[in-house]
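Visitor: I am new to this structure and would love a close look at one part of it. Could you pick a single helix, start there, and then show me how the rest is laid out around it?

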Amino acid sequence: MKITELVSKIQGEFKISPFRILKILSKIEDKDISFYLKESQVEISQRTFDFLVKHLKEGYPIEYITKKVSFLGNDFFVDENVLIPRIETEDLVILAINLINDKGIKHVIDMGTGSGVIAISIKKQLPKTKVQASDISESAIKIAQYNAKKLGVNVEFKIGDCLDPFLKEIHEVELIISNPPYVETSFIEKSHLLSYEPRISLDGGADGQNFFKKISKYSHLLKTKYLLFETSEFTVKKTAEILSEIGKIQILPDSFKKERFIFISPYR
Ligand code: GLN
């Protein structure tokens with residue numbers, strides 16, 4: 001169908017501006033918006049039209065349509081097996097990179113890596129740092145491995161939960177980083193926007209703290225390390241309390257000034 005026909009159909013059904021329609025289209029088809037403005041006679045495929053409707057009607061994420069997300073300037077493959085990385089997580093990686101540089105950290109692990117954005121972005125910027133990553137989901141690990149290969153970096157990926165896959169080498173690790181599942185179950189159940197992403201990558205249990213409670217059981221192994229976690233602005237204080245035994249806690253904001261990150265450094 002012609003773009004003019006598409007715009008009038010979508011506008012009639014969804015009451016959104018032609019500009020927004022073109023913006024979504026340009027994301028789905030990976031073209032600049034000016035292309036559609038110049039070429040008003042361009043043909044749009046039925047497949048693209050159906051995706052656009054699915055996105056508008058059901059909130060289906062565009063990133064799962066295009067199978068792509070840009071993170072700190074690199075394109076990563078994503079599909080329904082992994083969480084779509086959020087822009088706030090770029091802040092987490094920038095904090096980690098600064099910390100690794102400042103402290104001369106040589107060995108980092110990323111737990112619950114999903115598509116691998118955190119581990120791969122760190123390794124890409126700091127090729128000399130040893131980076132390992134884990135995920136409980138085998139299909140996530142396959143995607144992370146694919147992304148690492150595509151971006152030409154060497155990260156070691158392991159299947160497993162939390163710290164389990166790293167217990168052998170834990171004494172060598174200097175920084176532990178994670179964007180774990182931290183959303184409260186009831187919040188996920190209310191939000192149709194989160195319904196397409198893997199539940200295990202989001203669901204932190206009734207109070208959102210399941211992952212952090214697990215980590216706190218290992219506090220005897222972690223007291224000499226740096227830890228950096230993403231969490232939710234709504235539960236960050238509770239998380240800080242749970243982890244306080246490990247070390248000195250700082251709560252750091254994201255670029256939107258939301259209290260989102262927990263940074264733990266050794267007492268001493
Ligand atoms: N930031 C995500 C969201 O609120 C959650 C990511 C996570 O649980 N790790 O949609």
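Guide: Let us begin with helix α7, where Val 117, Ile 118, Ala 119, Ile 120, Ser 121, Ile 122 and Lys 123 are buried. The helix runs over residues 117-125, and 7 of its 9 residues are buried, so α7 is largely enclosed by the rest of the structure. Please keep in mind that you are looking at a predicted model.

What encloses a helix like this belongs to the wider picture, so let us step back for a moment. The chain holds 13 helices and 9 strands. Its radius of gyration is 21 Å, close to the 18 Å that the globule rule gives for 268 residues, so the chain is as compact as a globular protein of that length. Measured out along its principal axes, the C-alpha trace spans about 65 × 40 × 30 Å. Of the 268 residues, 54% are buried. If you take the contacts between residues at least 6 apart in sequence, 61% of them join residues at least 24 apart.

The domain assignment divides the chain into domain 1, covering 3-60, and domain 2, covering 69-265. Between the C-alpha centres of domain 1 and domain 2 there are 35 Å.

Now for a buried residue in a strand. Phe 229 sits in strand β7, which covers residues 226-230. With a relative accessible area of 0%, Phe 229 falls under the 20% limit and is therefore buried. Its contacts, leaving aside neighbours within four places in sequence, come from several stretches of the chain: Leu 92, Met 111, Ile 176, Ser 178, Phe 211, Phe 212, Ile 215, Leu 243, Arg 260, Phe 261, Ile 262 and Ile 264. One of these partners, Ile 176, is 53 residues away from Phe 229 in sequence, yet their C-alpha atoms are 8.2 Å apart in space.

Ile 176 also leads us along to the loop between β5 (156-159) and β6 (175-178). Two residues of this loop are worth a pause. Cys 162 is found there, and it has a positive phi of about 50° although it is not a glycine. Its relative accessibility is 6%, so Cys 162 counts as buried. Pro 165 lies in the loop between β5 and β6 too, and at 16% relative accessibility it is likewise counted as buried. Setting aside neighbours within four places in sequence, Pro 165 is in contact with Ser 134, Lys 158, Ile 159 and Gly 160. Ser 134 is 31 residues from Pro 165 along the chain, with 7.2 Å between their C-alpha atoms.

For a contrast, move on to Lys 257, in the loop between β8 (248-253) and β9 (259-265). Lys 257 has a positive phi of about 65° although it is not a glycine. Lys 257 is exposed, with a relative accessible area of 75%, whereas Cys 162 counts as buried.

Domain 1 deserves a visit as well. Helix α2 covers residues 18-28 and includes Ser 26. At 11% relative accessibility, Ser 26 counts as buried. Not counting residues up to four places away in sequence, Ser 26 touches Lys 31, Asp 32, Ile 33 and Tyr 36. Asp 50 is 24 residues from Ser 26 along the chain, and 15 Å separate their C-alpha atoms.

Let us finish on the outside. The chain exposes about 13400 Å², and carbon and sulfur atoms supply 53% of that area. It carries 39 positive and 37 negative charges, whose mean positions are 2 Å apart. Coming back to where we started, helix α7 is largely enclosed by the rest of the structure, because 7 of its 9 residues are buried.

Methods: Residues numbered from 1 in each chain as written. Predicted model: local features only at pLDDT ≥ 70, side-chain atom pairs only at ≥ 80, totals over all residues. Heavy atoms only, no water. Helix = DSSP H or I, 4+ residues; strand = E, 2+ residues; numbered from the N terminus. Rg over C-alpha atoms; globule rule 2.2 N^0.38 Å. Buried < 20%, exposed > 50% of the residue type's maximum accessible area, 1.4 Å probe, protein only. Contact = heavy atoms within 4.5 Å. Areas by Shrake-Rupley, 256 points an atom, 1.4 Å probe, with all protein chains shown as cover. Lys, Arg positive; Asp, Glu negative; His and termini not counted. Charge placed at Lys NZ, Arg CZ, Asp CG, Glu CD. Domains from an automatic or database assignment.
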